[in-house]
Amino acid sequence: MKKKWLLKSEPDTFSIDDLQNKGSSLWDGVRNYQARNFLMEMKPGDEAIFYHSNANPPGAAGVAIILDSAKVDPTQFNPESEYFDSKATIEKPRWFCPEVGFKKKFSRLVPLGELREHEKLRNMTLLQKGSRLSVTPLVGDEFATIVDLGSSKKN
DNA sequence: GCCAACGTTGGC
DNA sequence: GCCAACGTTGGC
């Protein structure tokens, strides 16, 4: 069974356009255990909403597809990297990242405010108070609902 | 830039 | 194991 996810990224760092240009990318740099556990659950063929956080406006920007399940995140071993983790060792890596491919960019960015207003997205993890997780599962028809919004004109 | 809501760290 | 201090996230 294919699962659906939501991946947050700051567009100043890595945007849907960057993913489109590269075609695919390791989803590295996640340094939160709960988010990591979700990354490790991802399977090839799973799809994810690509969400722009810390943007103006923040919102859903497109769709990504998981190309390969999570493997060891190489940035944790690199002292030059901002994601370096001195407590991680080759024998006991802490962080893992899947390979993520570009699927599509929405015809319009669906702003956070509009996601909040949508009846069917009421229980979405992203919208819960204080939710800062950068990787969350989508349930029910949340994924399809957001894709519909991103593929249509604003009402 | 502000600040609420978290997560992590480290002394005890 | 508790918890205060600190750091980060992310909307506004």
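Let's start at glutamate 47 and see what it touches in this predicted model. Leaving aside neighbours within four places in sequence, glutamate 47 is in contact with Lys3, Lys4, Trp5, Val63, Ala64, Ile65, Lys103 and Phe143. Glutamate 47 itself belongs to strand β3, which covers residues 47-52. Two of those contacts deserve a second look. The side chain of glutamate 47 makes a polar contact with the side chain of lysine 4 at 2.8 Å, and another with the side chain of lysine 103 at 2.5 Å. Is glutamate 47 buried or exposed? Its relative accessibility is 12%, so it counts as buried, since the cut-off for that label is under 20%.

One name on that contact list, Phe143, takes us to the next stop. Helix α4 runs over residues 142-151, and seven of its ten residues are buried, which means the helix is largely enclosed by the rest of the structure. If you want to find the buried ones on screen, look for Glu142, Phe143, Thr145, Ile146, Val147, Leu149 and Gly150. A bit of background helps when you look at any helix like this. An α-helix has 3.6 residues a turn, so residues three or four places apart point the same way. What covers the buried residues of α4? The cover includes the strands β1, β3, β4 (59-72), β5 (96-111) and β6 (135-138), along with helix α3 (112-117). So β3, the strand that holds glutamate 47, turns up again as part of the cover over α4.

Now follow strand β1 to lysine 8. With a relative accessible area of 16%, lysine 8 is buried, because anything under 20% gets that label. Skipping neighbours within four places in sequence, lysine 8 is in contact with Trp27, Tyr51, Ser53, Leu126, Ser131, Arg132, Leu133 and Ser134. Its side chain reaches the backbone oxygen of leucine 133 at 3.2 Å. You can also see the chain folding back here: lysine 8 and alanine 60 are 52 residues apart along the chain, while their C-alpha atoms are separated by 9.0 Å.

For another case, try serine 24 in strand β2. Serine 24 and lysine 8 are 16 residues apart in sequence and 16 Å apart in space, going from C-alpha to C-alpha. At 24% relative accessibility, serine 24 counts as partly exposed, because that label covers values from 20% to 50%. Apart from neighbours within four places in sequence, serine 24 is in contact with Leu19, Leu67, Glu99, Val100 and Gly101. With one of these, glutamate 99, there is a side-chain to side-chain polar contact at 3.0 Å.

Strands β1 and β2 come together again in our next topic, the largest pocket. Rolling a probe the size of a water molecule over the atoms shows where empty space is left. The largest pocket has a volume of about 590 Å³. The elements that give two or more residues to its lining are β1 (4-9) and β2 (24-26). There are 18 lining residues, and Lys8, Ser9, Glu10, Tyr83 and Ser134 lie nearest the pocket's centre. Sorted by class, the lining has five nonpolar, eight polar and five charged residues.

Lysine 8 also brings us to the DNA. DNA strand C is surrounded by Lys8, Tyr51, Ser53, Asn54, Pro58, Leu112 and Arg132. A polar side-chain atom of lysine 8 lies 2.6 Å from a phosphate oxygen of this strand. Asparagine 54 uses its backbone instead: one of its backbone N or O atoms lies 2.9 Å from a phosphate oxygen of DNA strand C. Which parts of DNA strand C lie within 4 Å of the protein? Sugar or phosphate make up 65% of those atoms, and bases make up the rest.

The other strand, DNA strand B, is surrounded by Asn32, Tyr33, Lys87, Lys129, Gly130 and Arg132. Sugar and phosphate account for 67% of the atoms of DNA strand B within 4 Å of the protein. Lysine 129 has a polar backbone atom 2.9 Å from a phosphate oxygen of DNA strand B, and glycine 130 has a backbone N or O atom 3.5 Å from a phosphate oxygen of that strand.

Finish your tour at arginine 132, which is listed around DNA strand B and around DNA strand C. A polar atom of its side chain lies 2.6 Å from a base oxygen of DNA strand B, and an N or O atom in the side chain of arginine 132 is 2.4 Å from a base oxygen of DNA strand C.

Technical notes
Residues numbered from 1 in each chain as written. Chains lettered and ligands numbered in written order. Predicted model: local features only at pLDDT ≥ 70, side-chain atom pairs only at ≥ 80, totals over all residues. Heavy atoms only, no water. Near = heavy atom within 4 Å. Polar contact = N/O pair within 3.5 Å; in protein donor to acceptor, adjacent residues only side chain to side chain. 1 Å grid on protein atoms, 1.4 Å probe; cavity = no way out; pocket = protein on both sides within 12 Å on 5 of 7 lines; lining within 4 Å. Points joined across faces, edges and corners; volume = space filled by probe spheres on them. Helix = DSSP H or I, 4+ residues; strand = E, 2+ residues; numbered from the N terminus. Nonpolar A, V, L, I, M, F, W, Y, C, P; charged D, E, K, R; others polar. Buried < 20%, exposed > 50% of the residue type's maximum accessible area, 1.4 Å probe, protein only. Contact = heavy atoms within 4.5 Å.
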